[in-house]
Amino acid sequence: MANLKLSGVAKSYGNVEVLKDINLEIETGELVVFVGPSGCGKSTLLRMIAGLERISGGTLEIDDQRMNDVPPSQRGIAMVFQSYALYPHMTVRDNMAFALKIAKKTKDEITAAVEKAARILQLEDYLDRLPKALSGGQRQRVAIGRAIVRDPKVYLFDEPLSNLDAALRVATRIEIAQLKEAMPESTMIYVTHDQVEAMTLASRIVVLANKGIAQVGTPLELYERPENEFVAQFIGSPAMNLLPGRVIKTGAQTTVQLQGEGVAVSDIATVADDLGKPVNVGVRPEDFVLTDGPAVLDGKVDIVEALGEVTLLYFVPERGQDPIIAKLPGIHGELRGNSVKLTADPSKVHLFMDGKSLLYR
Ligand SMILES: Nc1ncnc2c1ncn2[C@@H]1O[C@H](COP(=O)(O)OP(=O)(O)OP(=O)(O)O)[C@@H](O)[C@H]1O
Ligand SMILES: [Mg+2]
């Protein structure tokens, strides 16, 4: 049981600033997921919380106690890494017991802790095996077991599934969701590159970018109400389309004349002063629908990707520009090379001015 509070946390290596002014509160029992582009500082932030990396500025509190100078072993934290590095010559049981032996726990305490973890992780049948006789997913579970036996207040996971193949990732993701349910009081922070893991596991997602936090919210808040273009395009796949244009009608609904021919209507309100201003209209690929009426996009389909359950249509405005992508349910191979008209419901049309969503003005 633990809550965490980061206030103005910063990290520099020499004169290279990696993170600055990170403010974040995590409640007991939350599973918070950190996402962000490679190199944005996700692992660094996790390692600072664990105490494996010095905090250059600001404070970290766990249960209202300042932790900046508390050694890792006394923070009540266990970390599971991507490369789980089990001891190859030790059985599953001994791998899980190792930290407790070092901590000089009694034999009975160790047995009880290992058996409880094995039960939660369904590793009871494998306790006497060596790691080489386990599958990748089972090894990853042993690595998680090594964390569980220590009964930490906070679990930190740094891309724990990225070494697994696709099918195993799905299975292990569901196991982690069940593990969280079995331990409702544990606080977890989880770093991943995988959109689906982030959307399905997180109570809240923290999007890191440009040395700071781009947005914090529940998965659906980030999907439905992104605060800025970065989050809008980072969450969701394929990414949200951004179409430049100018405001031609303001009020409770806003109308935008797009570059080219399209016109978009959004339920986001604007004020008279916005008339004529440049905006980016945001439409998710899955929010485009075919229409006979006024269109947001009227163009020739350059590429079709039929994925079975959905079809992706690519419109390449000009060489070198990003394609506009629409995702239609079902199979539409016949649309290749054809001209189609697409629109989107005004409730699904986002508006960004200077990179920021007008929803939050
Ligand atoms: N010891 C170090 N000295 C200097 N720079 C470092 C050091 N460790 C990390 N960095 C830099 O800090 C930045 C953040 O690294 P970090 O490993 O936290 O990124 P990440 O978000 O976890 O990336 P990835 O998604 O690739 O794992 C990177 O630009 C990295 O080069
Ligand atoms: Mg990392």
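Helices here are DSSP runs of H or I with at least four residues, strands are DSSP runs of E with at least two, and both are numbered from the N terminus. With that in hand, you can place Pro 238 in the loop between α8 (229-234) and β11 (241-249). What you're looking at is a predicted model, where local features need pLDDT of at least 70, side-chain atom pairs count only at pLDDT 80 or more, and totals for chains, interfaces and linings use all residues. Residues are numbered from 1 along each chain as its sequence is written, while chains are lettered from A and ligands numbered from 1 in the order in which they are written.

**Around ligand 1**

- Tyr 13, Val 16, Val 18, Gly 36, Ser 38, Gly 39, Cys 40, Gly 41, Lys 42, Ser 43 and Thr 44 surround ligand 1; a residue counts as near a molecule if its C-beta atom, placed from the backbone, lies within 6 Å of it.
- Two elements, β2 (16-26) and α1 (42-50), give two or more residues to this shell.
- The top contributor is α1, with 3 residues.
- Sorted by class, the shell has 4 nonpolar, 6 polar and 1 charged residues. Here Ala, Val, Leu, Ile, Met, Phe, Trp, Tyr, Cys and Pro count as nonpolar, Asp, Glu, Lys and Arg as charged, and the others, Gly among them, as polar.

**Two open sheets**

- Strands of a sheet pair through backbone hydrogen bonds, either parallel or antiparallel. For a pair to count, DSSP has to find at least two bridges between the two strands.
- One open sheet has 4 strands in the order β2-β1-β4-β5, with antiparallel pairing. Its edge strands are β2 and β5 (65-66), each pairing on one side only.
- Inside that sheet, 5 bridges join β1 (residues 4-13) to β4 (residues 57-62), and the two run antiparallel. Look for Ala 10, which stands opposite Gly 57 in β4.
- Another open sheet has 3 strands, ordered β17-β18-β19, again with antiparallel pairing. At its edges sit β17 (303-306) and β19 (324-329), each pairing on one side only.
- β17 and β18 (residues 310-315) run antiparallel and are joined by 4 bridges. Ala 306 stands opposite Thr 311 in β18.

**Helix α2 and what covers it**

- In α2 (residues 92-102), Val 92, Arg 93, Asn 95, Met 96, Ala 97 and Leu 100 are buried. A residue is buried if 20 or more other C-beta atoms lie within 10 Å of its own, exposed if 12 or fewer, and partly exposed in between, with C-beta atoms placed from the backbone.
- The cover over these buried residues includes α3 (107-120) and α4 (136-148).
- After α2 comes Lys 104, which has a positive phi, near 60 degrees.

**Unusual backbone spots**

- Most residues other than glycine have a negative phi, and most peptide bonds are trans.
- The peptide bond from Ser 237 to Pro 238 is cis, with omega near -5 degrees.
- Glu 159 has a positive phi, near 45 degrees, and lies in the loop between β7 (154-158) and α5 (166-182). Is Glu 159 partly exposed or exposed? It counts as partly exposed because it has 19 C-beta neighbours inside 10 Å.
- Asp 354 also has a positive phi, near 50 degrees, and is found in the loop between β21 (350-353) and β22 (356-357). Asp 354 counts as exposed because it has 10 C-beta neighbours inside 10 Å.

Notes:
Two residues are in contact if their C-beta atoms, placed from the backbone, lie within 7 Å.
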